[in-house]
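Visitor: I should like a close look at a single part of this protein, explained step by step. Please also show me how that part relates to what surrounds it.

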Amino acid sequence: MAELGQHLKQAREEKNISLEELQGITKIQRRYLQNIEDGNFDALPGIFYARAFVKQYAEAVGLDSERIFEEFKHELPNTQKEALPEQLSRVKRARAEVNTKDSKILQVFPKVLVTLIIIGIAFTVWKVVQSNPPADQVEESPETETGGAEVEENKDNPLQTASESNEEEESTEVEEETTMETEEEVVEPIQQVELIESSGRKFTYKLSGTNQFVVEVSTNGETWLDLKNGKNKKFFSGMLNAKETEEKIPDMASYDYTNETEAFIKLGRAMDSILKINGQQIELPSEPKDVQEITVIFEKSAE
């Protein structure tokens with residue numbers, strides 16, 4: 001028996017906890033607990049499961065899991081964390097894309113502004129022409145029998161006033177239609193989730209076009225799940241199981257990352273996992289089928 005397994009077993013027996021009782025506490029199947037005590041880590045589903053199961057075992061029998069990992073690191077399989085330069089590189093690329101989008105908007109805005117100014121000038125000129133007709137358009141009235149004097153057209157003619165009022169209403173309607181057409185050009189953002197980087201079992205996605213970020217993971221079979229943020233703060237760590245078992249193991253877990261800028265999702269048996277973001281199902285890569293590490297960078301839309 002390996003030293004780590006013997007140490008864990010001794011702590012369990014001192015607590016008078018049987019393997020069946022420990023199974024109920026940790027939600028880890030009895031055969032996996034027995035393999036840990038025997039030091040048979042190759043019988044576990046994978047490296048990620050081995051470290052996660054040992055951590056839960058140790059904490060269930062009152063041991064410090066971090067101390068266990070340090071003391072018996074020569075026995076435990078080791079996983080490498082993603083390098084910080086890769087994270088920084090992804091953030092820089094994401095920021096560059098945001099700056100490119102902003103520059104495109106700034107290029108379009110002056111054109112729209114100039115169009116509105118030209119329409120306003122044209123409307124002002126049209127109003128001035130309508131209110132001051134050329135002198136040659138004034139019709140001379142016929143001479144009267146009494147004096148033959150010319151009679152000027154009454155400027156306060158009700159018919160003329162009504163005509164000018166109708167023209168003003170028509171021009172106002174044209175201006176309103178122009179304003180509405182300009183407003184209709186504004187397009188509401190649409191949620192987009194795109195894969196921007198992949199390396200081995202590590203995949204990076206970018207979420208944009210939304211102000212909401214809710215992650216939901218479920219399983220068709222049996223999945224081990226870790227949910228963290230970009231600062232390595234853990235929100236969920238445990239088993240998901242869609243099968244009916246004596247232990248009450250959930251088949252789905254979710255977390256609202258709306259106030260976060262980055263989400264880290266680690267899946268064991270990714271082939272059985274279903275990932276949704278804001279209700280939209282994300283198609284997971286077909287390989288690897290066992291463990292996948294997924295990072296989602298959240299670019300919140302401007303309100």
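Guide: Two strands are said to pair if DSSP finds at least two bridges between them. With that term in place, we may turn to strand 4 and strand 5, bearing in mind that the model is predicted. Strand 4 covers residues 222-229, while strand 5 covers residues 234-241. The two are joined by seven bridges and run antiparallel. As one example of this pairing, threonine 223 has leucine 240 of strand 5 as its bridge partner. Strand 4 and strand 5 form a hairpin with four residues between the strands. Asparagine 232 in this hairpin has a positive phi near 70°.

The hairpin belongs to a wider arrangement. An open sheet is formed by six strands in the order 1-2-10-7-4-5, and its pairing is mixed. Which strands stand at the edges of this sheet? They are strand 1 (192-199) and strand 5, each of which has a single partner strand, so one side of each has no neighbour in the sheet. From one strand to the next, the twist averages 20°. In a regular strand, side chains alternate between the two faces of the sheet.

At the other edge, strand 1 pairs with strand 2 (residues 202-208) in the antiparallel sense, over seven bridges. Here valine 193 is matched with leucine 207 in strand 2 as its bridge partner.

We now consider what lies across the sheet. Helix 4 lies across strand 4, strand 5, strand 7 (262-268) and strand 10 (291-298). Relative to strand 4, helix 4 runs at about 80°. Helix 4, which spans residues 47-60, thus leads us from the hairpin to the other helices.

One of its partners is helix 2 (residues 19-26), which packs against helix 4 at an angle of about 110°, the axes being 10 Å apart. Angles of 65 to 115 degrees count as roughly perpendicular. Helix 2 and helix 4 are therefore described as roughly perpendicular to each other. Helix 2 contributes Leu22, Ile25 and Thr26 to the contact, and helix 4 contributes Gln56, Tyr57 and Ala60. Sorted by class, this contact of helix 2 with helix 4 has four nonpolar residues, two polar ones and no charged ones.

Which residues of helix 2 are buried? They are Leu19, Leu22, Gln23 and Thr26. Viewed down the axis of helix 2, these buried residues fall within an arc of 105°, so they line one face of the helix. Their cover includes helix 1 (3-14), helix 3 (30-38) and helix 4. Just after helix 2, lysine 27 has a positive phi of about 65°.

Helix 3 also packs against helix 4, at an angle of about 90° and with the axes 11 Å apart. Helix 3 and helix 4 are therefore roughly perpendicular to each other as well. In this contact, Tyr32, Leu33, Ile36 and Glu37 come from helix 3, while Phe53, Val54 and Tyr57 come from helix 4. By class, the residues of this contact of helix 3 with helix 4 are six nonpolar, no polar and one charged. The buried residues of helix 3 are Tyr32, Leu33, Asn35, Ile36 and Glu37, and they pack against helix 1, helix 2 and helix 4. Just after helix 3, glycine 39 takes a positive phi of about 75°.

To complete the picture, we return to the strands. Another open sheet has four strands in the order 6-3-8-9, paired antiparallel. Its edges are strand 6 (252-256) and strand 9, each with a single partner strand, so one side of each is left without a neighbour in the sheet. On average, neighbouring strands of this sheet are turned by 25° against each other, direction ignored. Strand 3 (residues 214-219) is joined to strand 6 by five bridges, in the antiparallel sense, and glutamate 216 has serine 254 of strand 6 as its bridge partner.

Is glycine 279 buried or exposed? Glycine 279 sits in the loop between strand 8 (273-277) and strand 9 (280-282). Residues over 50% relative accessible area count as exposed. Glycine 279 has a relative accessible area of 61%, and is therefore exposed. Its C-alpha atom is separated by 7.8 Å from that of glutamate 216, although the two residues are 63 residues apart along the chain.

How values were computed
Residues numbered from 1 in each chain as written. Heavy atoms only, no water. Axes fitted to C-alpha atoms, helices over the stretch in contact; angles between N-to-C directions. Parallel < 35°, antiparallel > 145°, perpendicular 65-115°, else oblique. Contact = heavy atoms within 4.5 Å. Nonpolar A, V, L, I, M, F, W, Y, C, P; charged D, E, K, R; others polar. Buried < 20%, exposed > 50% of the residue type's maximum accessible area, 1.4 Å probe, protein only. Arc of directions from axis to C-beta.
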